[in-house]
Amino acid sequence: PGCRPTVYRTIEGAPDNALAAVADTASALTHRKAITCGQNSIVGFTDNGPVRCPMCCCLAYLKTYSRDGEYYGKSKYVCDACLFVPKFRVYDASGNVQYLVRPDTCVCGLCVRCKCCGPKGKCCRVPFPIRDPHSGDKLGDAEITDLWAGFKNECCTRKNIYAVKFPAGATTALKATLIGSTLLMDIALYEQDSQ
């Protein structure tokens, strides 16, 4: 997706071979973004590939719409003093921030804290708890987690699989927008080199 305008569709049921021709009305949810920049820009190259540096302008976002085109809300990448910790804000249709999606941190909030050796999953992963946007407190066990996609997908493709546990009391619109946050997380964190 890179910096170009992009549309993602959440389809109910098994997609057919004409997935590219699916109309907005056939989508359960539609997620859109205009031209944006990645959160890390290439500033040079080495023998090991590109060297990236965090940036804070024109950052990625996704707007989420219902099957009928009703605007549900927006997920937006957040830039602050802790550049190396990815964060996302989730807004409702009125533009009010409802959630903060951010991993646990260490070293005074400057580094992401990995979760290692969990049961049935990646041996080292980074869960993104869904938090109160003002206090930063976790909302129960609500989180977005990158799951083990299986040996074939992990080693031979770039497919990612996520689990989303919604916060208690989340509306249908906010749940849909959190699904958009999951797509935005995948775009921002894992699709930098395949723009």
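Strands here are DSSP runs of E with at least two residues, numbered from the N terminus. With that in mind, welcome to this predicted model.

Start with the whole chain in view. Across its 195 residues you can find 2 helices and 15 strands. Buried residues make up 38% of the chain. If you switch on the surface, about 11,000 Å² is exposed, and carbon and sulfur atoms supply 56% of that area. Among contacts with a separation of 6 or more, 48% join residues that lie 24 or more positions apart.

Next, select Pro5, which sits in the segment before strand 1. Is Pro5 buried or exposed? Pro5 counts as exposed because its relative accessibility is 52%, and the cut-off for exposed is over 50%.

Keep Pro5 selected and add Lys33. These two residues are 28 apart along the chain, yet their C-alpha atoms are separated by 5.5 Å. Now show Ala34 and Ile35 too: setting aside neighbours within four places in sequence, Pro5 is in contact with Lys33, Ala34 and Ile35.

From there, move on to the largest pocket. Which residues line it? Select Tyr8, Arg9, Thr10, Ile11, Ile179, Thr182 and Leu183 to see the lining. Strand 1 (6-10) and helix 2 (172-190) are the elements that each give two or more residues to this lining. Try colouring the selection by class: the lining of the largest pocket has 4 nonpolar, 2 polar and 1 charged residues. The space you are looking at in the largest pocket has a volume of about 310 Å³.

Note on methods: Residues are numbered from 1 along each chain as its sequence is written. This is a predicted model: local features need pLDDT of at least 70, side-chain atom pairs count only at pLDDT 80 or more; totals for chains, interfaces and linings use all residues. Side-chain values use heavy atoms; hydrogens and water are left out. On a 1 Å grid over the protein atoms alone, a cavity is a set of points where a 1.4 Å probe fits but cannot get out, and a pocket is an open set with protein on both sides within 12 Å along at least five of seven lines; lining residues have an atom within 4 Å of a point. Grid points are joined across faces, edges and corners, and a volume is the space filled by probe spheres set on the points. Helices (H or I, at least four residues) and strands (E, at least two) are DSSP runs, numbered from the N terminus. Ala, Val, Leu, Ile, Met, Phe, Trp, Tyr, Cys and Pro count as nonpolar, Asp, Glu, Lys and Arg as charged, and the others, Gly among them, as polar. Buried means under 20% relative accessible area, exposed over 50%, partly exposed in between (1.4 Å probe, protein chains only). Contact means heavy atoms within 4.5 Å. Accessible areas come from the Shrake-Rupley method with a 1.4 Å probe; for residues, only the protein chains shown count as cover.
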